[in-house]
Amino acid sequence: MSNNGTDLTVGFITSSVAILLFGSNYVPLKKYNTGDGMFIQWVLCAAIWLVALVTNLILRCPKFWPFAMVGGCIWATGNIAVVPIIKTIGLGLGLLIWGSFNALTGWASSRFGWFGMDAEEVARPLLNDLGAGLSVGSAFIFLFIKSEVPNNTCSVDTTPLMTEHGTNKTRDPCPGYSWVDQLSAVQSRLVGCSLAVISGILYGSTFVPTIYIKDHSKRNDSIYAGASQFDLDYVFAHASGIFLTSTVYFLAYCISMKNNPKLYPEAVLPGFLSGVLWAIATCCWFIANHSLSAVVSFPIITAGPGFIAAMWGVFVFKEIQGRQNYLLMILAFCIILTGALCTAFSKI
């Protein structure tokens, strides 16, 4: 098999693994109370950093480029909204929306050379443009899918680890209650969809620093001259940016809570598992970017997880129900599949 054929095979296999894991990585957290999400996002990011550290050691510690951390900072900023999104509009619909805007931002920035990157060329530009357009267009259909997310209920099992001090014995009548639970149905949908769009745009920008370094490594007058062309070499710097930023946000949260943050011990291991799954999926995405190029991998990887998450939402969590919703989902998935095929064939 030629090198090009090998790259395509590796790219599509790693894309498939990334789709499966990205669509499932938040599932371990669904049955546990995560409060406002600030604690659990820090646990998740710690797991991501540890997986990246192991990957870095396996790769024999390639050169660390601090600018690649910026991509992690961008991702961590989008990630703090994940728990409110899941609580307001559900895992399936939330992932479908942020995945679509993730696809648009990541594809467009690579296709047209935004943010100082080189515009990427494909063998069949029309197919690539059509595929990306279909993937993004599916987002408008997802907005009409109604999800049913159960209200937060109080129980002994959801009591935070730290909710009181020795000087204050007043207990929170509903320990898992957060600002999200105070929203009306209309407000929840509006806030959830808005946060999903913002997170998607931030997620779509997460690879910009890495691609920028790779593009400028080919220029002798650049400070990045000679930098590695293998995307996975940047995963540790990327994860370091994620963990650093999430830690800053968590410390700011602790300060705002007057050193009385709500910590949920029962969600620690599920949160860690969620981070491990996400980190493995991201490593696969880095490899897919290298094998297929971002202009091809983005529409495929960002559109696919929505299907996986929606299946969890339909068959396990019962968030999406009703004949109309099912028909809209089938239509949306047909559009996504067509878009992914167009994008894939644009590379061949």
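**Close-up 1. Phe115 and its surface patch in the predicted model.** Phe115 has a relative accessible area of 51% and is therefore classed as exposed, in a model that is predicted. The residue sits in the loop that runs between helix α5 (91-111) and helix α6 (125-142), and together with Phe112 and Trp114 Phe115 makes a nonpolar surface patch of about 350 Å².

**Close-up 2. Ser15 in helix α1.** Ser15 belongs to helix α1, which spans residues 3-22, and because its relative accessibility is 1%, Ser15 counts as buried. The side chain of Ser15 reaches the backbone oxygen of Gly11 at a distance of 2.7 Å. When neighbours within four places in sequence are left aside, the residues in contact with Ser15 are Ala288, Leu292, Ile300 and Ile301.

**Close-up 3. The largest nonpolar core and the surroundings of Ile48.** The largest nonpolar core is made up of 76 residues, and those with the most contacts inside it are Tyr26, Ile48, Trp75 and Trp98. Helix α2 (residues 38-58) supplies the largest share of this core, namely nine residues. With neighbours within four places in sequence again left aside, Ile48 is in contact with Trp75, Ala239, Ile242, Gly275, Trp278 and Ala279.

**Close-up 4. A second nonpolar core.** Apart from the largest core lies another one, which consists of 13 residues and has Ala108, Ile308, Ala340 and Ala344 among its members.

Notes
Residues are numbered from 1 along each chain as its sequence is written. This is a predicted model: local features need pLDDT of at least 70, side-chain atom pairs count only at pLDDT 80 or more; totals for chains, interfaces and linings use all residues. Side-chain values use heavy atoms; hydrogens and water are left out. Patches are made of residues with over 30% relative accessible area and no salt bridge: like charges are joined within 9 Å, nonpolar side chains (Val, Leu, Ile, Met, Phe, Trp, Tyr) within 5 Å. Accessible areas come from the Shrake-Rupley method with a 1.4 Å probe; for residues, only the protein chains shown count as cover. A salt bridge is a side-chain nitrogen of Lys or Arg within 4 Å of a carboxyl oxygen of Asp or Glu. Helices (H or I, at least four residues) and strands (E, at least two) are DSSP runs, numbered from the N terminus. Buried means under 20% relative accessible area, exposed over 50%, partly exposed in between (1.4 Å probe, protein chains only). A polar contact is a pair of N or O atoms within 3.5 Å; within protein, one must be able to donate a hydrogen and the other to accept it, and residues adjacent in sequence count only if both atoms are side-chain atoms. Contact means heavy atoms within 4.5 Å. A nonpolar core is a set of buried Ala, Val, Leu, Ile, Met, Phe, Trp, Tyr and Cys residues joined through side-chain atoms within 4.5 Å.
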